[in-house]
Amino acid sequence: MSLLEVSGLETFYGALQALFGVELVVAEGEVVALMGRNGMGKTTTISSILGMIRPRNGSIRLAGREVAGMRAHRIAQFGVGLVPEGRRCFPNLTVRENLVAAARPGRWTAKRVNELFPRLEERHAQYANTLSGGEQQMLAIGRALMTNPELLILDEATEGLAPVIRQDIWAAIRRLKREGQSILVVDKTLSEMLPVADRCFVLEKGRTVFSGLPAALTAELQDRYLGV
Ligand code: ATP
């Protein structure tokens, strides 16, 4: 059974339709890349899955359970953890407090997060608003893991970060994948994302126009759907 199965998803902002039938599947233990140029509907798809926006039509199944139309806090209880665009943490809490505040029972603990990101351990008593951008991103991922999600969603997790920090984040994602974590990732740097992905979905104008193995996303298709 798929962990996440989205079909025929249609979402509106007021009268404006943003999604016109998105199809997306994440199997257990898979890393799935959700791609598309700016404004094609990636964030709207994620917001719909999480119940932050209520889709008008279509189905969103999490481990077989229909969640379309449910409120965000209920969907979160079914095990979806988001690392949001803009790496939001509590600025006036320390690194450790940020992790503990997110904690739900499961295999992820502050200790394991610190093993994944040793920089966070070194800065455990530092306030989140004094961290570098890269450290804040690590903390945002750590916070999402502390909720012990079945599905981890990363929305633009490496945007605006220095290359060396991006490598650390991708290394962490590869490690999570080896440990069997299911991940849905949105990122603009295909050269970094495609080698990690098991499967890709490409959105264009609110529709899924490609789904398949990364190897099937040829240079021509990349140019057609993702080129500038
Ligand atoms: P980006 O890569 O720039 O983040 P995206 O693929 O995530 O883009 P979305 O942010 O999902 O795209 O936007 C899809 C469409 O919905 C766009 O046409 C956008 O203008 C519109 N849209 C997004 N958010 C809102 C909003 N709050 N109100 C109205 N329209 C919105």
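Select Lys42, Thr44, Thr45, Ile46, Ser47, Ser48 and Ile49 in helix 1: these residues are buried. The coordinates on display belong to a predicted model. With 7 of its 8 residues buried, helix 1 is largely enclosed by the rest of the structure. Step past the end of helix 1 to Gly51, which takes a positive phi of about 80° just after the helix.

**The largest pocket**

Keep helix 1 in view and display the largest pocket, which holds about 490 Å³ of space. Its lining comprises 21 residues, and those closest to the centre are Leu50, Val80, Gly81, Leu82 and Pro84. Colour helix 1 (42-49), helix 2 (72-77), strand 6 (80-83) and helix 6 (133-146), since each of these elements gives two or more residues to the lining. Colouring the lining by class gives 11 nonpolar, 5 polar and 5 charged residues.

**Glu135 in helix 6**

Remain on helix 6 and select Glu135, which has its place there. Is Glu135 buried or exposed? Its relative accessibility is 5%, so Glu135 counts as buried. Now show the side chains around this residue. Which residues does Glu135 touch, leaving aside those up to four places away in sequence? They are Arg119, Leu120 and Arg123. Two polar contacts can be drawn here. One, of 3.1 Å, joins the side chain of Glu135 to that of Arg119. The other runs from the side chain of Glu135 to the side chain of Arg123, at 2.8 Å.

**The second largest pocket**

Next, display the second largest pocket, with a volume of about 170 Å³. Select Gly36, Arg37, Asn38, Lys188 and Leu226, the closest to its centre among the 11 residues of the lining. By class, this lining has 5 nonpolar, 2 polar and 4 charged residues.

**Met193 in helix 8**

Move to helix 8, residues 190-193, and select Met193. The relative accessible area of Met193 is 1%; because buried means under 20%, Met193 is buried. Show its surroundings: apart from residues up to four places away in sequence, Met193 touches Ala33, Met35, Trp170, Val185, Val186 and Asp187. Then place a distance marker between the C-alpha atoms of Met193 and Glu204. These two residues are 11 apart in sequence, and the marker should read 19 Å.

**The open sheet**

Finally, switch to a cartoon view and find the open sheet, in which 4 strands lie in the order 2-1-4-5 with antiparallel pairing. Strands of a sheet pair through backbone hydrogen bonds, either parallel or antiparallel. Which are the edge strands? They are strand 2 (16-27) and strand 5 (65-66), each of which pairs on one side only.

Begin with strand 1, residues 2-13, which runs antiparallel to strand 2 and is joined to it by 9 bridges. Within this pair, select Glu10 and look across to Phe20, which stands opposite in strand 2. Follow the chain into the turn: strand 1 and strand 2 form a hairpin with 2 residues between them, and Gly14 in that turn has a positive phi of about 60°.

End at the other edge of the sheet. Strand 4, residues 57-62, pairs with strand 5 in the antiparallel sense over 2 bridges. Select Leu62 to complete the tour: its bridge partner in strand 5 is Arg65.

Technical notes: Residues numbered from 1 in each chain as written. Predicted model: local features only at pLDDT ≥ 70, side-chain atom pairs only at ≥ 80, totals over all residues. Heavy atoms only, no water. 1 Å grid on protein atoms, 1.4 Å probe; cavity = no way out; pocket = protein on both sides within 12 Å on 5 of 7 lines; lining within 4 Å. Points joined across faces, edges and corners; volume = space filled by probe spheres on them. Nonpolar A, V, L, I, M, F, W, Y, C, P; charged D, E, K, R; others polar. Buried < 20%, exposed > 50% of the residue type's maximum accessible area, 1.4 Å probe, protein only. Contact = heavy atoms within 4.5 Å. Polar contact = N/O pair within 3.5 Å; in protein donor to acceptor, adjacent residues only side chain to side chain. Pairing = 2+ DSSP bridges.
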